[in-house]
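Reader: I am new to this structure and would like to know the reasoning behind the terms used for it. Please set each value against its rule.

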Amino acid sequence: MSAAANQDETHMTTPELIEAHGYISETHHVWTEDGYRLDVHRVLPKVNDNSCINLCEDNIENIQDDRKEKQGQIPVLIHHGLLSSSADWVLLGPKKALAYLLCDNDYDVWLGNARGNAYSKKHKQYTTRDREFWDFSWHEIGYYDLPATIDYILEQTGHTELYYVGYSQGTTAFYVMASERPEYNRKIKGMVSLAPIAFLSNQRSPLLKFIVHFCGLMEWGSSYCNVHQWFPRNRLQARALGTIIRNAPGSLTKGFCVCWFYLIAGFGSDQLDKSMLPLILGHFPAGASAKQIIHYSQSILSGSFRKFDYGAFENLKIYGSTQPPKYDLERVKIPIALFYSENDFLTDPTDVKKLVDKLPNVIETRKIEYSKFNHIDYLWGRDARTILYSSVLAALKKFR
């Protein structure tokens, strides 16, 4: 990718990126039971330009029929992680990004966006300036957002089932949905779990190990200082950072990566292309509620996969017990293919094994062969196609 093209794409939306990469984009608005509007982006194949030369009516009809046939394939919903958006799945570009590889292999691709990120900031009653808008964690994303998105896709496509690919928080929310709303088990044909997060007590990120001790301070700041949104997408900030990174010496750029990515994701990987940093920072972070981050902090401290802890008094009123209930993973009946890596600081193999032991229908557990593959390489690794995505395609075929 040229520097000029990279700079142009930095300021594009996900639908604009999809169109710029030679595919057809659709934006769908999905309303949840509790009033949030989620933007869902669909990726469809574009007719080959060469086929448009000297077309007669019959040829046009054949192309239209071919497109309908591709759209008739079982849909696949891909869902992003914390502080991210649908853009994650297209930034690598054609022939490399997961969304395009799935589309090229005749999947009907839908990219989800969780409440509160750059594409899902509408509510029937509240604005993003209201405290009530941000009163959600990844529990609500799993309980409301995913079911609403799944129902919408199935209604639009006429299918009764779809595939689900979740990454990081996208897996957490899925496990919430499948355990709290088990009726959705029958609507998922199979689930691919990338860098799965349910248990976090063994996470190795030095930055998170430091931050988690300030969980109480984060809750206080959210409640009393009206700090409910963390790391919103800021175009001016992204533009400034992109300019700095494009013009900074390599050593400074590397230092930036170490500070903001590797401290969380894992050291030692060579998969992050320096030239992509301005593009990545044009789309990440995309925003989240403080409550999402606090909920994860609670998970690290408790070592359990359980609902939000409001304190003994409030828990008793909300849950009927002083401790928040654990999610019952035995209720997750969907076939699952799970991918993890040893160098991912957030998904320690011990925590992954604990999750696998509790899930009743894991059909594949695969450790990524590249030993230095870290948490962000799932999204932006230069060799993600060969190291991971080819195996994801193979896993999806097992669900058929």
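Author: What follows is a set of questions and answers on how the terms apply to this predicted model.

Reader: What makes up the chain, and how much of the chain is buried?

Author: The protein chain has 16 helices and eleven strands. Of its 400 residues, 54% are buried. Among contacts with a separation of 6 or more, 77% are between residues 24 or more positions apart.

Reader: How do you know that the length of α16 agrees with that of a helix?

Author: Helix α16 covers residues 384–398, which is 15 residues, and at 1.5 Å a residue the expected span is 21 Å. The C-alpha atoms at its ends are 20 Å apart, so the two values agree.

Reader: Which residues of α16 are buried, and what do they pack against?

Author: The buried ones are A384, L388, Y389, S391, V392, L393, A395 and L396. They pack against two helices, α4 (98–104) and α15 (377–380), and against the strands β6 (162–167), β7 (188–194), β10 (336–340) and β11 (362–367). In general, an α-helix has 3.6 residues a turn, so residues three or four places apart point the same way.

Reader: Why is L388 called buried?

Author: L388, a residue of helix α16, has a relative accessibility of 0%. Buried means under 20%, so L388 counts as buried. Leaving out residues up to four places away in sequence, L388 touches L194, F339, I368, F373 and Y378. L388 and F339 are 49 residues apart along the chain, and their C-alpha atoms are separated by 8.5 Å.

Reader: Why is the pair of F373 and Y378 called edge-to-face?

Author: Ring centres must lie within 6.5 Å to pair, and planes over 60 degrees apart count as edge-to-face. The rings of F373 and Y378 have centres 5.1 Å apart and planes at 75°, so the pair is edge-to-face. F373 is buried at 0% relative accessibility, and Y378 is buried with a relative accessible area of 0%.

Reader: How many aromatic pairs are there, and which residues do ring pairs link into a cluster?

Author: The count is 25 aromatic pairs. One cluster linked by ring pairs holds W138, F199, Y296, F305 and Y327.

Reader: What makes a charge count as sitting over a ring, and where does this occur?

Author: The charged atom has to be within 6 Å of the ring centre and within 35 degrees of the ring normal. The charged end of R181 sits over the ring of Y143, at 4.8 Å from the centre. Likewise, the charged end of K291 is 4.9 Å from the centre of the F308 ring and sits over that ring.

Reader: Why is S84 called buried, although its place is in a loop?

Author: The label rests on accessible area: under 20% is buried. S84 has a relative accessible area of 3%, so S84 is buried. Its loop lies between β3 (75–79) and α4. Not counting residues up to four places away in sequence, S84 touches N117, F284 and A286. S84 and A286 are 202 residues apart in sequence, yet 5.0 Å apart in space, C-alpha to C-alpha.

Reader: How many cavities does the search find, and what lines the largest cavity?

Author: Searching the whole structure gives two cavities of 30 Å³ or more. The largest cavity holds about 50 Å³ of space. Its lining has 13 residues, and those nearest its centre are H80, A114, N117, G287 and Q292.

Technical notes. Residues are numbered from 1 along each chain as its sequence is written. This is a predicted model: local features need pLDDT of at least 70, side-chain atom pairs count only at pLDDT 80 or more; totals for chains, interfaces and linings use all residues. Side-chain values use heavy atoms; hydrogens and water are left out. Helices (H or I, at least four residues) and strands (E, at least two) are DSSP runs, numbered from the N terminus. The expected span of a helix is 1.5 Å times one less than its number of residues. Buried means under 20% relative accessible area, exposed over 50%, partly exposed in between (1.4 Å probe, protein chains only). Contact means heavy atoms within 4.5 Å. Rings of Phe, Tyr and Trp (its six-membered ring) pair if their centres lie within 6.5 Å; planes under 30 degrees apart count as stacked, over 60 as edge-to-face and the rest as tilted. On a 1 Å grid over the protein atoms alone, a cavity is a set of points where a 1.4 Å probe fits but cannot get out, and a pocket is an open set with protein on both sides within 12 Å along at least five of seven lines; lining residues have an atom within 4 Å of a point. Grid points are joined across faces, edges and corners, and a volume is the space filled by probe spheres set on the points.
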